[in-house]
Amino acid sequence: MKNNLLTKGPIFKALFIFSLPIIVTNTISILFHAADVAVLAFFSGDADVAAVGACGSLITLMVSLFTGFATGASVLISKRIGANDDQGTKKAIGTALSIGFLSGVFLMIVSLIFARRFLILMNCQPDVLDAATLYLKIYFLGSPIMMLNSFAVGGVSASGDSTRPMIYSMLSGVINVCLNVVFVAVFHLSVAGVAMATVFSAAVSLTLVLIRLFKGNGRCRAEIASLRINKNDLFEIVKVGIPTCLCSLSFFLANVILASAVNSISTDAMSANAISNQFDGVIYTVGAAIASATSVIVAQNYGAHNIERIKKAILIGGAYATSISLLLGSVFVIFADPMLRILSDSESVVAIAKDKMIFLCLTYFMTSIMEVFAFSLRAIKRQLSTMIVGFVCGLGIRCFWRYFIWPANPTLSMLFACYAVSAFVAIIIYLFVYRFALKTIQREAQSALLQSK
């Protein structure tokens, strides 16, 4: 995609063309993870599926500590591109890659030391604790690779190029599935094999993305000389990154608490949760992909002071995310039985997973709308507001639900009903924040226009 397509021309066309590869990339990632689960279920059994599922929320929580900085880096790079600042773009990319690698090293060290303790705190069932600990440690041995890949992909996508990351993700995903079969079915490495396959496939993706950044043409290009942390760029990234991290952390910490509640029910509930996550996770990742694409358009137009395009992009992005989320949710509910039975032959596991899917899949569109607002508000420097909303809705409402509402009806579907409730409240708050933010950025645009004359 040409860079100026995001600041000129039909907005839906720009959003669709830019978001489609991101949607495909994220969906493929979920589907390949579902293949991981299917391989484990077929060759190892439900206990190993439960072990991997027990790590999901914890992995997301730990990674979310730094993915906010990846968002901050992407916003900064997008703004520099929108302002036609080529040298500033190179410096921002160098700073982003440096932060990505260092954050991965930090995650690796922490997880190797505290993996088992974290899982015990999450009420991981004793019969799968050893397997879950092994999976978690091997997974985070590759965190420098995976975190650097996340920051590098964000840099490429910020330029408007979402097609190459999609191709790289597809290739690494195919390698991941093939290695899963080899490691689990042939060498009988079980959860260790799945974790190793994830790390090796991420290394393939990272190699391809780095080749694109260092050897490619266009504005979004890295240089060896720029691979250091620039203080000014670090400050700009941190301004967005810390509130974004805290916002994500609040949601994911609540999810860890919810996962702990799931783990306390039974091993069947853990397996059902891990299986159903493959489907409602698709809806979330598609909605988040549209939100991410919307934020890049918003950020570039914010840098170019195109206020009307910002408003239209957020409106169209919200409608687009809602439509796709409802469509996917309906399909998953209609075909829930045959899809779930691919991943488990246990009647009790399938029944629990289906009960959760029916509710979540039909209400996840509200989470998609929430993400469009959250991503877009960060792109126009309203990250503090998103952080506050995250703590109120992500952590506050979900924890209140888990400890005071759910015990009256302790089922899996009732537990995750808090997703819809917290998303609805967040949307209402974001509407007010968005209204006041527009007034401020309009004044900023008028001031910039007067200075340019």
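## A buried arginine

Arg402 is buried yet takes part in no salt bridge, and the nearest side chain of opposite charge, that of Asp355, is 17 Å away. This description, like the rest of the report, rests on a predicted model.

The residue belongs to helix α14, which covers residues 383-405. When neighbours within four places in sequence are left aside, Arg402 is in contact with Ile257, Leu258 and Ala261 as well as with Pro407 and Leu415.

## Helix α5

Helix α5 runs over residues 143-158, and because 16 residues at 1.5 Å a residue should span 22 Å, the separation of 22 Å between its end C-alpha atoms agrees with the expected value. The helix is mostly covered, with 13 of its 16 residues buried. Just after α5 comes Gly160, whose phi is positive, at about 100 degrees.

## Cysteines without disulfides

A search of the whole structure finds 0 disulfides, and two cysteines illustrate this result. For Cys124, the closest cysteine sulfur is that of Cys55, and the two sulfurs are 6.9 Å apart, which is too far for a bond; the cut-off for a disulfide is a pair of sulfur atoms within 2.5 Å. Cys124 counts as buried because its relative accessibility is 9%, the limit being under 20%.

Cys418 has its closest cysteine sulfur in Cys399, at a distance of 8.8 Å, and so this pair too is too far apart for a bond. With a relative accessibility of 0%, Cys418 also counts as buried.

Technical notes: Residues are numbered from 1 along each chain as its sequence is written. This is a predicted model: local features need pLDDT of at least 70, side-chain atom pairs count only at pLDDT 80 or more; totals for chains, interfaces and linings use all residues. Side-chain values use heavy atoms; hydrogens and water are left out. Helices (H or I, at least four residues) and strands (E, at least two) are DSSP runs, numbered from the N terminus. The expected span of a helix is 1.5 Å times one less than its number of residues. Buried means under 20% relative accessible area, exposed over 50%, partly exposed in between (1.4 Å probe, protein chains only). Lys and Arg count as positive and Asp and Glu as negative; His and the chain ends are not counted. A salt bridge is a side-chain nitrogen of Lys or Arg within 4 Å of a carboxyl oxygen of Asp or Glu. Contact means heavy atoms within 4.5 Å.
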